[in-house]
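Q: I'd like a close look at one part of this protein, with its surroundings filled in as you go. Could you walk me through it?

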Amino acid sequence: PDYNAMDVPSLRNLTSHPEINTFLFIGTEDGEIIYVDWQVERDLDTGKMTTPHPAYCYSVHDGPVNSVQRSPFFDDIILTAGGWTVAIWKEGVTLGPLLHTACGNKRCTTAQWSLSRPGVFVVGKEDGNIDIWDLLEKTHEPSQSQNITSVSISCMKPCIISPKQHLLAVSDDFGTLHILEVPWSLRHPFNQELSTVEAYFDREEKRLDYFETRKLSRAETLERLSKMTRPPFQMESRTSEQIEEEMKKEYSVYLSDEKKAIIAQ
């Protein structure tokens with residue numbers, strides 16, 4: 001087709017659907033997580049149609065972000081992986097991630113949520129291992145670690161064949177595809193796992209609010225105490241001529257005292 005002859009609709013006539021969420025989580029090569037609205041709006045200064053500034057931006061990863069995955073069970077929960085760390089975010093919470101792991105020994109190359117268990121996700125590493133995280137068991141370290149290949153893992157994709165067979169496709173930098181079967185313990189959810197994981201996310205959100213409140217209260221207390229204390233004593237600045245004149249006076253006093261002492265003898 002002749003693309004030059006095709007009409008391009010104007011942005012002025014486009015309207016967004018009210019039921020579609022236009023906010024996005026974006027990971028950058030600098031390790032930043034940006035939350036931004038892609039819906040264009042008119043700039044008040046220039047009059048041009050532009051996207052608004054990011055709602056917030058956090059530098060939590062110590063390397064390029066390579067995975068941004070929304071949970072299949074919670075529409076507002078996001079999993080990000082980059083550098084040596086993994087983070088879990090909640091849409092609408094602007095104080096930081098709900099979970100931020102400690103730096104691992106190897107860099108994270110990819111991450112995926114489990115399709116059957118709300119509290120499980122898998123992280124691929126540059127040494128060919130995969131870390132299985134189970135939030136119901138541990139939140140500070142992986143529950144399991146499995147070696148898949150001798151080179152870096154490039155991509156992972158879970159798939160449900162049947163209720164009794166779940167697979168995980170793993171590819172590496174050599175171009176080799178590995179098909180793994182997910183064991184029963186990692187594919188079968190526990191009783192009330194969905195509500196338990198949701199309660200964990202709610203507790204972490206309250207924890208962020210509590211620390212932010214304490215931080216603001218501490219800052220107000222320190223500011224009030226600084227106003228109540230007396231300002232420190234400041235020495236009066238003197239010129240070199242004044243210092244020399246004072247030294248001459250002190251020396252003349254010393255000579256007179258020494259003369260009196262000699263006469264007294």
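Is Cys 108 buried or exposed? Please start there and work outwards.

A: Happy to. Cys 108 is buried, with a relative accessible area of 7%. Bear in mind that this is a predicted model. The mean pLDDT of the protein is 87, and 88% of its residues reach 70 or more.

Let's begin with the cysteine chemistry. Searching the whole structure turns up zero disulfides. Cys 103 is in no disulfide, and the nearest cysteine sulfur to its own, that of Cys 108, is 9.2 Å away. Likewise, Cys 108 takes part in no disulfide, with the sulfur of Cys 103 as its nearest cysteine sulfur, at 9.2 Å. A disulfide here requires two cysteine sulfur atoms within 2.5 Å, so the 9.2 Å between Cys 103 and Cys 108 does not qualify. As for the surroundings of Cys 103, this residue counts as exposed, because its relative accessibility is 54% and the cut-off for exposed is over 50%.

Next comes Lys 125, which has Cys 108 among its contacts. Lys 125 lies in strand 11, the element where confidence is highest in the protein, at a mean of 97. At the other end of that scale is strand 3 (residues 41–42), with a mean of 76. Lys 125 is a lysine that counts as buried, because its relative accessibility of 9% falls under the 20% cut-off. Its side chain makes a polar contact with the side chain of Asp 131, at 3.1 Å. Leaving out residues up to four places away in sequence, Lys 125 touches Lys 106, Arg 107, Cys 108, Thr 109, Asp 131, Ser 152 and Ile 153.

Thr 109 leads us on to Ser 67, since Ser 67 also has Thr 109 among its contacts. Ser 67 lies in strand 6 (residues 65–70) and counts as buried, at 4% relative accessibility. A polar atom of the Ser 67 side chain is 3.1 Å from the backbone nitrogen of Ala 111. Apart from its neighbours within four places in sequence, Ser 67 is in contact with Leu 79, Thr 80, Ala 81, Thr 109, Thr 110 and Ala 111.

Further along the chain is Trp 113, placed in strand 10. Trp 113 counts as buried, with a relative accessibility of 4%. A polar atom of its side chain lies 3.2 Å from the backbone oxygen of Gln 69. Trp 113 and Pro 72 are 41 residues apart in sequence, while their C-alpha atoms are 7.4 Å apart in space. Pro 72 is also one of the contacts of Trp 113, and others include Gln 69, Arg 70, Ser 71, Ile 77, Ile 78, Leu 79, Ile 88, Val 120 and Phe 121.

That brings us to the nonpolar interior. The largest nonpolar core has 20 residues, and those with the most contacts inside it are Ile 88, Phe 121 and Phe 201. Two or more residues each come from strand 7 (77–82), strand 8 (85–90), strand 10 (108–113), strand 11 (120–125) and helix 2 (193–228). Helix 2 gives the largest share of this core, four residues. Ile 88 touches Ile 77, Ile 78, Leu 79, Pro 97, Leu 98, Leu 99, Trp 113, Phe 121, Leu 135 and Phe 201, again without counting residues up to four places away in sequence. A second, separate core of 11 residues includes Val 120, Ile 153, Val 182 and Leu 186. You have met two of these names already: Ile 153 is among the residues Lys 125 touches, and Val 120 is among the contacts of Trp 113.

To finish, let's step back to the whole protein. Its secondary structure comes to three helices and 16 strands. Of its 265 residues, 32% are buried, and Cys 108 is a buried residue. Among contacts with a separation of 6 or more, 41% join residues 24 or more positions apart. The protein exposes about 18,400 Å², with carbon and sulfur atoms supplying 54% of that area.

Note on methods:
Residues numbered from 1 in each chain as written. Predicted model: local features only at pLDDT ≥ 70, side-chain atom pairs only at ≥ 80, totals over all residues. Heavy atoms only, no water. Core = buried A, V, L, I, M, F, W, Y, C linked by side-chain atoms within 4.5 Å. Buried < 20%, exposed > 50% of the residue type's maximum accessible area, 1.4 Å probe, protein only. Contact = heavy atoms within 4.5 Å. Polar contact = N/O pair within 3.5 Å; in protein donor to acceptor, adjacent residues only side chain to side chain. pLDDT = per-residue confidence, 0-100. Areas by Shrake-Rupley, 256 points an atom, 1.4 Å probe, with all protein chains shown as cover.
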